[in-house]
Amino acid sequence: MGEALTDPLRFTGSTLELNVDCGGHGYVLVEISDKAGVPISGYALADAIPVMVNSVRGLVVWKTKHSVASLAGQTVHLRFVMKDAKLFSFRFI
């Protein structure tokens, strides 16, 4: 199991996609936190739906959130928690 935390960033777009290889049994969870590092309600690790694909466009969603449009323009951090997965890149579209 591994984790990665981005530097603070701002984005435009409404969807978060991953270029990821989760092999046969791996996954990636994504948490979005504010500039102070506090998880944003609905985007916390506990809300994350595992991304379990081998794809250049793996869609990231949470239990009650399927869009990141409400966070566009804000300063946020992304936290990636991975098990048996390779994360190559991410993008907002």
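Biologist: At its relative accessibility, does E31 count as buried or exposed?
Modeller: Happy to help! This is a predicted model, where local features need pLDDT of at least 70 and side-chain atom pairs count only at pLDDT 80 or more, while totals for chains, interfaces and linings use all residues. Residues are numbered from 1 along each chain as its sequence is written, and side-chain values use heavy atoms, with hydrogens and water left out. Buried means under 20% relative accessible area, exposed over 50% and partly exposed in between, using a 1.4 Å probe on protein chains only; at 8%, E31 counts as buried.

Biologist: Which residue does E31 meet in a salt bridge?
Modeller: A salt bridge is a side-chain nitrogen of Lys or Arg within 4 Å of a carboxyl oxygen of Asp or Glu. E31 has such a contact, at 3.4 Å from N to O. Its partner is 48 residues apart in the chain, in strand β5. That partner is R79.

Biologist: Which residues are joined with R79 into one network by salt bridges that share partners?
Modeller: E3 also bridges to R79, with the closest N and O atoms 3.0 Å apart. Strands here are DSSP runs of E with at least two residues, and helices are runs of H or I with at least four, numbered from the N terminus. E3 lies in strand β1 and R79 in strand β5, so this pair ties together parts that are 76 residues apart in sequence. The residues joined with R79 are E3 and E31.

Biologist: How many residues apart in sequence are the parts that R91 and E17 tie together?
Modeller: R91 and E17 form a salt bridge. E17 is buried at 6%, whereas R91 is partly exposed at 39%. Because R91 lies in strand β6 and E17 in strand β2, the parts they tie together are separated by 74 residues.

Biologist: What kind of aromatic pair do Y43 and W62 form?
Modeller: Rings of Phe, Tyr and Trp (its six-membered ring) pair if their centres lie within 6.5 Å; planes under 30 degrees apart count as stacked, over 60 as edge-to-face and the rest as tilted. Y43 and W62 are both buried. With 4.9 Å centre to centre and 75° between the planes, their pair is edge-to-face.

Biologist: Are the rings of F80 and F90 stacked or tilted?
Modeller: F80 is buried at 3%, and F90 is partly exposed at 33%. Both belong to one aromatic cluster with F11 and F92. The ring centres of F80 and F90 are 5.5 Å apart and their planes are at 40°, so the pair is tilted.
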